[in-house]
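Work through the exercises below with the sequence and the coordinates at hand. Each task is followed by a solution in steps.

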Amino acid sequence: MKRYDTAQCRVLSVREIAADTFDLTVDAGEMAVRAVPGQFVHVMVPGKTLRRPISICDSSAEQKTLRLVFQIRGEGTRWLAGIREGETLDLLGPLGHGFALGGTDRRVVFVGGGIGVPPLLSAARRFGANAEVILGFRSASAAILQQDFAAAGCRVSLLTDDGSLGEKGFVTARLEKALAEGGVQEVFACGPTVMLKNVAALAAQAGTACQVSLEERMGCGVGACLVCACKTKRADAMGGYSHVCKDGPVFRAEEVDWE
């Protein structure tokens with residue numbers, strides 16, 4: 001069976017859930033059946049040579065749907081935000097190496113920052129009450145998906161830089177507390193690189209396994225070009241570099257060369 005394919009996917013719903021942040025659901029057929037937490041799709045944008053990578057927020061094998069939550073960051077995502085229900089999207093996917101979840105009866109922590117939050121939902125849902133989810137945003141106006149994590153049974157800790165929603169502070173402070181309490185068997189994280197570096201350091205200090213989802217600019221999305229190369233310590237990395245699109249976006253934290 002092919003790992004990925006292209007498909008014309010009908011848009012089932014689209015709505016703005018925060019400033020310049022949109023929630024899009026598409027009928028993706030077998031692509032939704034094959035999708036695993038942490039993967040992404042590559043979206044064709046009319047008039048543009050390169051597709052735009054969008055993380056898979058959630059999927060339903062039964063309904064054959066994919067949920068994509070994204071932020072406007074340029075012309076491509078601005079076009080995507082303007083699409084309407086009933087129109088179609090040309091998607092390539094599911095792409096990338098997702099999270100290795102292991103047994104979902106373990107106590108785990110998910111740490112998300114900003115637009116790095118959506119890729120964690122599908123994975124956290126599988127752990128339910130066994131997951132603590134730590135979400136960080138600039139302010140209340142940027143906060144997204146906290147109700148979705150809560151509805152999945154997860155324990156949600158919400159922090160904002162300015163204190164306008166939840167606690168004032170950074171996700172790393174809450175993570176450090178959770179690790180100190182003991183019993184956390186793995187940490188999963190997605191967000192800004194500085195945040196991921198600090199999360200990885202805290203997990204390593206506590207002797208806790210950690211997986212991180214990296215973000216890089218992408219070209220082909222399937223590992224044929226070198227646009228998304230990142231420095232890693234993997235033995236199979238070519239010249240010390242791996243492809244975020246093919247080898248990631250999820251890596252073991254200790255595999256990443258954070259320097």
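The exercises concern a predicted model and go from a sheet to one residue within it.

**Exercise 1.** Determine the strand order of the open seven-stranded sheet, and find which strands stand at its edges.

Solution. The order is 10-9-8-7-11-12-15, and the pairing is mixed. Strand 10 (167-168) and strand 15 (250-252) each have a single partner strand, so one side of each lacks a neighbour in the sheet.

**Exercise 2.** In which sense do strand 11 and strand 12 pair, and over how many bridges?

Solution. Take residues 186-190 for strand 11 and residues 209-213 for strand 12. The two pair in the parallel sense, over five bridges. One bridge joins Glu186 to Ala209 of strand 12.

**Exercise 3.** Which strands does helix 3 lie across, and which does helix 5 lie across?

Solution. Helix 3 (residues 118-127) lies across strand 7 (108-113), strand 8 (131-137) and strand 11. Its angle to strand 7 is about 160°. Helix 5 (residues 171-181) lies across strands 7, 8, 9 (155-160) and 11; its angle to strand 8 is about 160°.

**Exercise 4.** Is Glu186 buried or exposed, and which side chain makes a polar contact with the Glu186 side chain?

Solution. First, place Glu186 in strand 11. Next, compare its relative accessibility of 5% with the cut-off for buried, under 20%: Glu186 therefore counts as buried. Then check the side chain: it makes a polar contact with the side chain of Arg106 at 3.0 Å. Finally, list contacts beyond four places in sequence; among them are Arg107, Val108, Val109, Cys210 and Arg252.

Key. Residues numbered from 1 in each chain as written. Predicted model: local features only at pLDDT ≥ 70, side-chain atom pairs only at ≥ 80, totals over all residues. Heavy atoms only, no water. Pairing = 2+ DSSP bridges. Helix = DSSP H or I, 4+ residues; strand = E, 2+ residues; numbered from the N terminus. Contact = heavy atoms within 4.5 Å. Axes fitted to C-alpha atoms, helices over the stretch in contact; angles between N-to-C directions. Buried < 20%, exposed > 50% of the residue type's maximum accessible area, 1.4 Å probe, protein only. Polar contact = N/O pair within 3.5 Å; in protein donor to acceptor, adjacent residues only side chain to side chain.
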